[in-house]
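This report describes a protein model in terms of its fold elements, its interior and its charged pairs. Please read it alongside the sequence and the coordinates.

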Amino acid sequence: MDITVLFKLTYGLYVVGAYDGLRPVGCIINTCFQVTNQNPILAISMNKNNYTLKAIKESRRFSLSIIAEDTDPSIIGTFGFQSSRDADKYANYGFRIFGEAPCVNGKFAGRLILDAINFVDNETHIVVLARLVDTVKGDGTPMTYDYYHRVIKGKAPKNAPTYVAEEEKPKTEEQTAATTGKKKYKCQVCGYEVEMDGEMPDDFKCPLCKQPKEKFSLI
């Protein structure tokens, strides 16, 4: 079975924001859809190990910030490839409170404020059914998951429902000849790849997750 066919399903990207009782926490998700149109109910999918899911179960109130194509891409790296258990993801951005839920600062296509009403177990993930309580208009074109992969060259974190481990493929002679003199590096945290002439500069940082040169490996 070729599971990569699932990549053709359409997804967006969203920042989830909630309180764990003491501080704002958050993460990136790519699965959200509207279930009802009367007194709207939405559904999101989150990994059972996700710390933000734990916060939502406790507080019930949470936010969804709809990522736009021109949202700062480092937000995706920060919120998608670190854990709120041991990181303050809002430190470099700040946040605002909408409807008693934290929303990271930045340009987004819109914001949704929701109250969780049910949690459905799906083996490795939980589907959270939530009622919409408020909205905040934004700007920009919503970023699709395809755009994230194709244009930003981002990867899915291991907790994402769409994560598929990549197989290393040997280079053909043509590919090797075409890249002579250039080197390709891959971030071991978020999977971002970059090609450059020669060695990577000592002060280079991943544009997605802000990891230093030491977190990159030559591929």
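The account below moves from the overall make-up to the cores, the salt bridges and two backbone details.

The model is a predicted one, in which local features need pLDDT of at least 70 and side-chain atom pairs count only at pLDDT 80 or more, whereas totals for chains, interfaces and linings use all residues. Residues are numbered from 1 along each chain as its sequence is written, and side-chain values use heavy atoms, with hydrogens and water left out.

## Overall make-up

The protein has four helices and 12 strands, these being DSSP runs numbered from the N terminus (helices: H or I, at least four residues; strands: E, at least two). Of its 219 residues, 42% are buried, where buried means under 20% relative accessible area, exposed means over 50%, and partly exposed lies in between (1.4 Å probe, protein chains only). The accessible surface comes to about 12400 Å², and carbon and sulfur atoms account for 51% of that area; the areas come from the Shrake-Rupley method with a 1.4 Å probe. Among contacts (heavy atoms within 4.5 Å) between residues at least 6 apart in sequence, 60% join residues at least 24 apart.

## Nonpolar cores

A nonpolar core is here a set of buried Ala, Val, Leu, Ile, Met, Phe, Trp, Tyr and Cys residues joined through side-chain atoms within 4.5 Å. The largest such core has 29 residues, and within it Y148 and F216 have the most contacts. Two or more residues of this core come from each of α2 (73-80), α3 (145-150), β10 (182-187) and β11 (193-197). Another core, of 25 residues, lies apart from it and includes C27, C32, I44 and L64.

## Salt bridges

Side chains of opposite charge can pair when their charged atoms come close. With a salt bridge defined as a side-chain nitrogen of Lys or Arg within 4 Å of a carboxyl oxygen of Asp or Glu, the count comes to nine. The table gives three of these pairs.

| Basic residue | Acidic residue | N to O distance |
|---|---|---|
| R23 | D20 | 3.5 Å |
| K107 | D70 | 2.7 Å |
| K182 | D197 | 3.1 Å |

The K107 and D70 pair links distant parts of the chain, 37 residues apart, with K107 in the loop between β7 (101-104) and β8 (108-122) and D70 in the loop between β5 and α2. K107 is partly exposed at a relative accessible area of 40%, and D70 is likewise partly exposed, at 43%.

In the K182 and D197 pair, K182 lies in strand β10 and D197 in strand β11, so the salt bridge ties together parts that are 15 residues apart in sequence. Here K182 counts as partly exposed at 39% relative accessibility, while D197 is exposed at 56%.

As for R23 and D20, R23 is partly exposed with a relative accessibility of 27%, whereas D20 is buried at 16%.

## Positive phi angles

Two residues deserve a look at the backbone. N39, although not a glycine, has a positive phi of about 50°; N39 is placed in the loop between β3 (32-34) and β4 (41-47) and is partly exposed, with a relative accessible area of 49%. R60, also not a glycine, has a positive phi of about 70°. R60 sits in the loop between α1 (51-59) and β5 (61-67), and its relative accessible area of 36% makes it partly exposed.
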